Amino acid sequence: MYAELRASELAGLLLIIAAGLALPQILPGYFLYTGNSLMTYAILAIGLDLLLGWSGQFAFAHIAFFGIGIYGTALLESRAEVPFLLSVAISAAVAGLVGIAIGFPAARLRTVYLALATYAFAECAQWVFRTWDPVTGGPDGLRFRPPVIFGYETGSDQSSFPVVALILALAIGAALYLTKSKLGRQMCAIRDSEHVATASGIDVRRTKVIAFAISAVFAGIAGGVYTLFQTFVNADVLGVSQLVTVLTMVVIGGSGSIIGVLLGVVVIGLLPELLRAMPQSLLVWQEFIYGSILVLAIVFMPQGLWGLIKPRFIRRTGGCGRTPAQSIRAPAEASQ
Amino acid sequence: MIFQAVLSGIVMGCVYALIALSLVIIYKSTDVVNFAAGEFVMIAAYAGLLLLDHLSLNYALMVVLSVGLVFVLGAFFERTALNHIIGFRYAAEAALVPMVVATIGLSFMLKGAVRVIPATEEVLRLPPLFSGPPLFFGDLILQRQDLGIVGVAILVMVLLSVGFNLTATGKALRATSQNPRAAALIGIPVKRMRMMAWAVASGLAGISGILLGPKLLMTPDMGSVVMMGIAASIVGGFTSLIGCVVGGIVLGVVQNLVGIFISPQAIAVTPFFIIMVVLVVRPNGLFGEAMRLKKV
Amino acid sequence: MSAFFAIDDISVRFGGLKAIDHFSMEVRPGEIHALIGPNGAGKSTVFNCISRFCTPVEGRIRLDGQDILALPAHRIVASGIGRTFQNLELLKRMTVLENVLIGQHVHIPRYFFFGPSPKRKRTEAEAVKSAEAILEETNLAKYRDTPAGELDFGHQKLLDLARALAGRPRLLLLDEPAAGLRNREISFVDALLLKLARSHGLTIILVEHVMPLVMSVANKVTVLSFGQKIAEGTPAEIRRHPRVIEAYLGSEAHA
């Protein structure tokens with residue numbers, strides 16, 4: 001239960017890899033581009049939920065780490081000729097270190113103060129990305145070449161799709177193993193009761209810092225993945241609205257559950273396409289619709305779509321038990 | 001040059017203070033940070049413009065209606081969405097995260113709704129309350145509107161002071177924010193108090209909107225001024241009303257000085273930098289109370 | 001002779017209030033020692049000092065020679081002290097099994113968290129096995145996969161106890177284990193406490209209001225009132241002690 005993936009989970013990962021290899025052969029470029037974006041969002045969303053849903057830290061620095069991942073990977077590749085995999089690893093590590101640096105002061109802050117402080121950090125980071133001309137290209141941004149991995153050329157939506165899918169599968173796999181592990185239980189424990197966690201020998205502050213670091217690494221990796229199928233970045237994609245989009249994905253899908261988060265990514269990620277396809281393009285309503293969905297979901301469906309669907313089909317699973325009735329709202333009041 | 005900066009910093013600081021008051025009133029009664037406060041400011045400004053331009057109402061009536069609109073909007077949001085989340089609980093603690101997320105959603109709803117209206121694509125401006133030639137004090141220039149802003153701000157703070165300390169409703173509000181369970185036990189209608197707190201706070205945001213509309217460029221994104229309010233309230237200590245005023249003025253002045261001594265580009269990042277530094281170094285700000293520890 | 005567990009002249013202040021005033025207590029190994037007193041006497045505060053959720057302004061606390069006050073709160077369980085909570089703090093969203101696994105946390109070795117490994121498989125299997133053994137002992141085995149928040153009150157208290165036991169304590173602090181339980185459940189707790197003390201070689205300090213439990217289970221009783229020790233002795237002695245009766249106004253002491 002805690003040592004291995006369930007058969008269904010393993011199957012899911014293999015399915016993602018298989019789709020990564022097969023879909024580029026059948027789908028046109030635009031679908032693949034959308035797919036690549038969704039998969040990048042997925043890595044971001046999982047990383048965010050590890051902090052939000054599993055560790056209970058309501059923190060919003062995530063998008064800054066995404067930026068570190070993008071700029072870091074792009075710069076190392078184009079300016080220093082560092083191979084792709086190493087660039088991503090280094091950028092993700094840097095993101096992780098910054099996550100640790102943020103984590104220490106953040107661990108002392110309570111809910112709303114934590115949200116505000118990390119939000120302020122994300123805004124500062126975006127400002128840095130926008131104004132640090134020599135490194136980030138300032139408001140004009142950075143252009144970069146598509147990476148070549150061991151002779152395999154990426155750059156087109158077709159060629160990068162399998163690589164993105166593979167990285168996604170690895171990321172999901174790592175997240176699954178993490179949540180089932182001793183460390184995963186530790187993160188859930190600090191979410192549910194810091195007193196019990198402390199009395200059980202868990203250093204709450206250190207665990208929070210670790211959670212920040214892991215979440216940041218995921219965001220950094222997502223940033224690296226971004227450079228596979230994009231050729232340009234500037235600070236505009238690293239702001240609040242992006243963060244809220246990822247947050248909406250997590251909330252709608254189901255915080256505290258990896259499948260839930262993936263479901264949310266698909267639903268919210270495909271929404272713009274749906275709007276665009278309407279007879280009179282409703283794309284201009286996107287912001288309003290996202291906001292409305294967020295409010296409606298958090299009021300009426302705090303356990304997310306997965307929380308609604310799960311009890312009808314699935315038995316209980318292991319790893320930081322979450323039943324659908326519980327969510328980022330208060331846990332069920334005991335029958336007192 | 002510096003004195004001019006300080007003067008205009010004080011003026012803007014008064015508006016920040018009003019927004020900060022709005023945030024802190026809500027925080028004190030429900031422990032929630034209202035991320036949509038900036039959008040209430042924006043809605044009031046746009047509503048005011050609509051009423052003035054398209055319905056040709058006189059200024060006073062416009063103010064009453066615009067502020068009234070956000071007053072009702074805030075009360076409505078609290079009564080429906082937030083009340084539903086908080087359920088039967090007295091204290092918001094456990095439901096805090098969903099409520100804050102709801103305010104984030106609301107802010108996007110309001111922004112998105114306004115952005116859809118084609119007229120908002122161009123940058124607009126609300127006519128000022130006090131117009132006329134500027135006043136001169138030696139080398140310093142003061143717009144009449146600025147003087148008006150300070151005057152309105154002072155008036156509002158006096159009214160709030162009187163309201164919270166001398167009226168029964170005000171005292172009931174304070175009781176509710178200190179200890180909701182106890183307040184309920186002595187018969188204070190806690191749910192209604194929460195709604196009132198939101199209504200008053202939203203009204204304050206609306207007033208800020210009317211004051212800001214003439215001064216700032218009106219765009220659907222002008223709600224980002226909420227960050228100033230947040231920074232002001234954090235500097236002042238998130239639980240202190242006096243702190244809001246002091247914090248607002250400090251922030252306004254510092255911001256202008258940063259623009260002069262560091263760079264105009266740095267102005268945008270000043271509030272965020274201040275928020276981070278204050279929360280790390282001295283989370284209680286200048287006047288805030290220490291955070292209460294949960295009893296084991 | 002140094003005692004197994006000794007609280008030596010501690011005082012605790014909260015703001016201007018002196019919650020504990022020069023309190024001392026000694027506990028022998030294997031003893032079940034009850035700490036009683038009217039509400040607000042400071043009993044939970046004593047526990048909080050021991051588990052390092054608060055710090056006395058003076059005095060010492062020692063377990064088997066080790067200075068407890070020198071340890072941070074999260075190292076207490078490793079030193080051999082476990083506790084339950086008066087307010088029933090549980091990991092409500094985690095299953096019963098997971099609550100006990102957390103209790104056991106410090107005894108589970110580390111492994112690579114992001115992937116499979118033979119060490120992981122072995123370690124987790126052992127951990128689950130010992131956790132299940134504790135669930136058997138506390139009658140919770142059939143709730144293994146139930147989220148803790150869904151249990152009824154009595155079982156939640158048992159889970160709190162199971163979690164504390166999983167830490168393999170030498171000294172167990174029980175904060176009102178019988179509060180809110182029905183008679184049948186109190187007898188179960190009664191029997192369990194005696195069994196634990198004997199078979200696990202546990203020393204127990206028990207804060208309690210339910211006098212029948214105290215009288216039948218405790219070897220020694222210390223009485224606190226307004227932060228000060230007013231009496232100490234066997235249950236029989238305490239029952240008759242005039243100051244104790246006075247402190248309780250003659251109500252529960254005659255149980």
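Two residues are in contact if their C-beta atoms, placed from the backbone, lie within 7 Å. By that criterion, 74% of the contacts in chain B between residues at least 6 apart in sequence join residues at least 24 apart. The model is predicted. The points below cover chain B, the domains of chain C and the largest nonpolar core.

**Chain B: elements and dimensions**
- Chain B holds 11 helices and two strands.
- Read from the N terminus, the order of these elements is α-α-α-α-β-β-α-α-α-α-α-α-α.
- The radius of gyration of chain B is 19 Å, which agrees with the value near 19 Å for a compact globule, because chain B has 296 residues.
- The C-alpha trace of chain B spans about 60 × 45 × 35 Å along its principal axes.
- Buried residues make up 52% of the 296 in chain B.

**Chain C: domains**
- Chain C is assigned domain 1 (5-80 + 169-254) and domain 2 (93-155).
- The centres of domain 1 and domain 2 of chain C, taken over C-alpha atoms, are 28 Å apart.

**Largest nonpolar core**
- The largest nonpolar core comprises 282 residues, and Ile19(B) and Ile275(B) have the most contacts inside it.
- Helix α10 (residues 204-229) of chain A gives this core its largest share, 16 residues.
- Domain 1 (5-80 + 169-254) and domain 2 (93-155) of chain C each supply at least three residues to this core.
- Apart from neighbours within four places in sequence, Ile275(B) is in contact with Leu116(A), Ala117(A) and Ala120(A), and also with Ile230(B), Ala231(B) and Ile234(B).
- In soluble globular proteins, nonpolar side chains tend to be buried together.

How values were computed: Residues are numbered from 1 along each chain as its sequence is written. Chains are lettered from A and ligands numbered from 1 in the order in which they are written. This is a predicted model: local features need pLDDT of at least 70, side-chain atom pairs count only at pLDDT 80 or more; totals for chains, interfaces and linings use all residues. Helices (H or I, at least four residues) and strands (E, at least two) are DSSP runs, numbered from the N terminus. The radius of gyration is taken over C-alpha atoms; the globule rule is 2.2 Å times the number of residues to the power 0.38. A residue is buried if 20 or more other C-beta atoms lie within 10 Å of its own, exposed if 12 or fewer, and partly exposed in between; C-beta atoms are placed from the backbone. Domain bounds come from an automatic or database domain assignment. A nonpolar core is a set of buried Ala, Val, Leu, Ile, Met, Phe, Trp, Tyr and Cys residues joined through C-beta atoms within 7 Å.
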